[in-house]
Amino acid sequence: MPEAVIVSAVRTAIGTARKGSLTETPAEVLATHILREAIDRSGVPGDRVDDVMFAEAMYGGGDLARYAAVDAGLTHVPGQAVNRHCASSLTTIGNAAANIRAGMDRVVVAGGVQSTSLAPTSTWRVPGTQDQFEDRIAPTFPYSDGVTDDVTLSVGWNVAQEVGISREEMDAWAVRSHHRAAAATEAGKFLDEIAPIKVTTKDGSTIDFAVDEHPRATSSLEKVATLKPLHPEIEGFSITAGNASGMNDAAAAVTIVGDDVAAELGLTPLATVRAWSAVGVEPRVTGLGAIEAAKKVLDRAGLQAADIDLWEINEAFASVPVAACKVLDLDEEKVNIYGSGCSLGHPVAASGTRMIVTLVHELRRRGGGLGLATMCAGGGQGGAVIIEVAG
């Protein structure tokens, strides 16, 4: 059975949705750009690619993976769209690794793309009514608890309540996230992983977009403490725009091949995909999905939390990584060392692969080690992937 190894790992810079640099860049353009970059950086001939698996959470209709493949000149590659909400592009990596280890594919490009700025928005009519509509990211039915469609509750607040997390803890985590992301940008930590993309901005000018624009170096506890709770009608509610993730646009991809293919083509593996998992949890406490997925993937890999050198825990809300650190007894200095959703942003379908891309490049700078990326996902889910970079 071949090992599934990553031979390229790349992403776009992350734009702020609806007012940032990628506002006028369609998802298919982002997808095609990052697919080409992933293949070019891998050294794999295009005609050796068996499949493209791209996440496209919350869109509905179409198949961006196939569109990108055709646009990139890979008409022989079928393309598969994957949706597990926030964990979608972690799922593409697990699926790609599974197909390679099973011997069904030999080269797969996996990743995700999110254009929140241009994504369609839709609501569904509530059965039995004529004028009531709701979105279907996490519908209230059939769960009927009345809160699963509000992520500020099911991901942010309920988890904070469940684990016992204060607003001060969440605010402090979010501010540190911004400072870490800004410092990483200043130090050039993302240069190797970002593929600049030429885009047209709202004013019609053309730029090379290459720097994450969501982090705020000036973020402070004093400023964040002044922000109003998103549900002031709930006593003690402490989720604010300051300790929640951004709305963003981006794409990310990795090229995964069998280690036998890497040897045949003379490629240097960047990392090995060791294990992956997906879980379901009560939709009321969706934020716990990141913790449960981490537990499951560690068990599958035969590892303990203490064995992991670096963690990426998506900051859908700051309460999620804070809760994970408490429950899993993690060293916060090993978690989101260059920021995450609160600072870099959360381009939903691309975030999982973005985390893996960052882990690959940072672990290689450190001379090797184990990295674990985990995140919760809408409707009571979670996903996780463990990679290993050889020392």
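User: How much space lies in the largest cavity, and what makes that space a cavity?

Analyst: The largest cavity holds about 40 Å³ of space. On a 1 Å grid over the protein atoms alone, a cavity is a set of points where a 1.4 Å probe fits but cannot get out. Its volume is the space filled by probe spheres set on the points, which are joined across faces, edges and corners. The structure has one cavity of 30 Å³ or more.

A word on the ground rules: this is a predicted model, where local features need pLDDT of at least 70, side-chain atom pairs count only at pLDDT 80 or more, and totals for chains, interfaces and linings use all residues. Residues are numbered from 1 along each chain as its sequence is written, while side-chain values use heavy atoms, with hydrogens and water left out.

User: What makes a residue part of the lining, and which residues line the largest cavity?

Analyst: A lining residue has an atom within 4 Å of a point. Leu310, Trp311, Glu312, Lys334, Asn336, Ile337, Thr358, Leu359 and Glu362 do so here. Two or more of the lining residues come from each of β12 (310–313) and α10 (348–365); helices (H or I, at least four residues) and strands (E, at least two) are DSSP runs, numbered from the N terminus.

User: Glu362 is in that list. Why is Glu362 called buried?

Analyst: Buried means under 20% relative accessible area, exposed over 50%, partly exposed in between (1.4 Å probe, protein chains only). Glu362 has 6%, so the residue counts as buried.

User: How do you know that Arg366 and Glu362 form a salt bridge?

Analyst: The term asks for a side-chain nitrogen of Lys or Arg within 4 Å of a carboxyl oxygen of Asp or Glu. In Arg366 and Glu362, the closest N and O atoms are 2.8 Å apart, so the pair qualifies. Arg366, at 48%, is partly exposed.

User: What makes the salt bridge of Asp212 and Arg11 a tie between parts apart in sequence?

Analyst: The N to O distance is 2.9 Å. Asp212 sits in the loop between β9 (206–209) and α6 (221–225), and Arg11 in strand β1 (residues 4–11), so the bridge links parts 201 residues apart in sequence. Asp212, at 7%, is buried, and so is Arg11, at 1%.

User: And why does the pair Arg274 and Glu388 count as a salt bridge?

Analyst: Their N to O distance is 2.7 Å. Arg274 belongs to strand β11 (residues 271–280) and Glu388 to strand β14 (residues 381–389), so this pair joins parts 114 residues apart in sequence. Arg274 is partly exposed at 34%, and Glu388 is partly exposed at 29%.

Technical notes: On a 1 Å grid over the protein atoms alone, a cavity is a set of points where a 1.4 Å probe fits but cannot get out, and a pocket is an open set with protein on both sides within 12 Å along at least five of seven lines; lining residues have an atom within 4 Å of a point.
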